Amino acid sequence: MLWKTHNKLLFVSLLFVINSSFTWSQSELKIIDKRVNFGFRPTQNRNIDVVIVHSVYNASGGNKYNVDSVINQFSHYRVSSHYIIGRDGAIYRLVKEKDVSFQAGKSSLPDGRTNVNSCSIGIELITTKDSLDAPTELQIKSLTALVKDIQSRYKIKYVLRHSDIASGRKTDPWNMNWEEFLKTIEDKKSE
Ligand SMILES: [Zn+2]
């Protein structure tokens, strides 16, 4: 009888452990690795203080939102980004944060620095330029969580759009409510 009670207790506590680890993993950022072997430079000890948000779509035929097609497109131009966020909010990692990803191109920061790739993390949202299109709610939710996570790990000076650092050359991220997004990450930062 005692043994049975003990077992029951063990079972209940096991359930608790399983349940709590499940909750824990749900609140963690889920990242899917799709690492590339182009469009980046392996780097040691770079200083990261900038996040650049972009948008991209598959312009080479077929599904415009297909992540693998977008990566193929990147390989063609030998560019990349650290992360791509799919329409369903899934976050893919193409390049390790410690490495330099070729995503910003010729650009300059508000403080005058021009070697933006070397100090930034690039995030691409899959969306088209079509004015009827926009990043999905799930994409914005993942972007917010990812940027917040990056802010917790580095001292981030700027979160900028590609168009902020390469105006006249770049217009992305397209159809995004940027002010609303900035408010969200600032609110979360002060929580
Ligand atoms: Zn861009």
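**Entry 1: a starting point in β3**

I began with I52, which stands opposite L160 in β8. This is a predicted model, and I kept that in mind for every entry. I then looked for the partner of I52 in β7, and I found that I52 stands opposite G122 there. What stands opposite V50 in β8? I looked that up too, and it is Y158.

**Entry 2: the two neighbours of β3**

Next I looked at how β3 is joined to each of these strands. β3 and β8 run parallel, and four bridges join them. β3 and strand β7, which covers residues 120–126, also run parallel, with seven bridges between them. A reminder to myself: strands of a sheet pair through backbone hydrogen bonds, and the pairing is either parallel or antiparallel.

**Entry 3: the whole sheet**

I stepped back to see where β3 sits. The sheet is open and has six strands, in the order β1-β5-β4-β7-β3-β8. Its pairing is mixed. Which strands stand at the edges? They are β1 (31–33) and β8 (158–161), and each has a single partner strand, so one side of each has no neighbour in the sheet. I also noted the twist, which averages 25° from one strand to the next.

**Entry 4: which way the side chains of β3 point**

I went along β3 residue by residue. V50, I52, H54 and V56 point one way, while V51, V53 and S55 point the other way. Are these residues buried or exposed? All of them are buried. That fits the tally for β3, where seven of its seven residues are buried.

I picked V53 for a closer look, as its place is in strand β3. Its relative accessible area is 0%, and buried means under 20%, so V53 counts as buried. I also checked V53 against V147, which is 94 residues away along the chain. Their C-alpha atoms are separated by 9.6 Å.

**Entry 5: the zinc ion**

H54 came up again when I turned to the zinc ion. Which residues are its protein donors? They are H54 through ND1, H162 through ND1 and D172 through OD. These donors lie 2.0 to 2.2 Å from the zinc ion. In sequence the spacing of the donor residues is H-x107-H-x9-D. H162 is in helix α5 (residues 162–165) and D172 is in the loop between α5 and α6 (178–189), so this pair ties together parts that are 10 residues apart in sequence.

I then checked how covered two of the donors are. H162 has 3% relative accessibility, so I wrote it down as buried. D172 is buried too, with a relative accessible area of 5%.

**Entry 6: the loop after α5**

I stayed with D172 for one more step. A cis peptide bond joins D172 to P173, and its omega is about 5°. P173 lies in the loop between α5 and α6. N175 is found in that loop as well. Although N175 is not a glycine, its phi is positive, at about 50°. Its relative accessibility is 33%, so N175 counts as partly exposed.

I looked for another positive phi and found N45, a residue other than glycine whose phi is near 55°. N45 is found in the loop between β2 (40–41) and β3. With a relative accessible area of 79%, N45 is exposed.

**Entry 7: the largest pocket**

How much space lies in the largest pocket? I noted about 540 Å³. There are 22 residues in its lining, and the closest to its centre are S55, V56, F74, E124 and K170. β3 (50–56) supplies at least two residues of this lining, and so does α2 (67–77). I sorted the lining by kind and got nine nonpolar, eight polar and five charged residues.

**Entry 8: the overall plan**

Last, I looked at the protein as a whole. Its secondary structure comes to six helices and eight strands. Along the sequence they follow the pattern α-β-β-β-α-β-β-β-α-β-α-β-α-α. The protein has 191 residues, and 42% of them are buried.

Methods: Residues are numbered from 1 along each chain as its sequence is written. This is a predicted model: local features need pLDDT of at least 70, side-chain atom pairs count only at pLDDT 80 or more; totals for chains, interfaces and linings use all residues. Side-chain values use heavy atoms; hydrogens and water are left out. Donors are N, O and S atoms within 2.8 Å of the metal (3.2 Å for Na, K and Ca); water is not among the atoms, so sites may look incomplete. Buried means under 20% relative accessible area, exposed over 50%, partly exposed in between (1.4 Å probe, protein chains only). On a 1 Å grid over the protein atoms alone, a cavity is a set of points where a 1.4 Å probe fits but cannot get out, and a pocket is an open set with protein on both sides within 12 Å along at least five of seven lines; lining residues have an atom within 4 Å of a point. Grid points are joined across faces, edges and corners, and a volume is the space filled by probe spheres set on the points. Ala, Val, Leu, Ile, Met, Phe, Trp, Tyr, Cys and Pro count as nonpolar, Asp, Glu, Lys and Arg as charged, and the others, Gly among them, as polar. Two strands pair if DSSP finds at least two bridges between them. Axes are lines fitted to C-alpha atoms, for helices over the stretch in contact, and angles run from 0 to 180 degrees between N-to-C directions.
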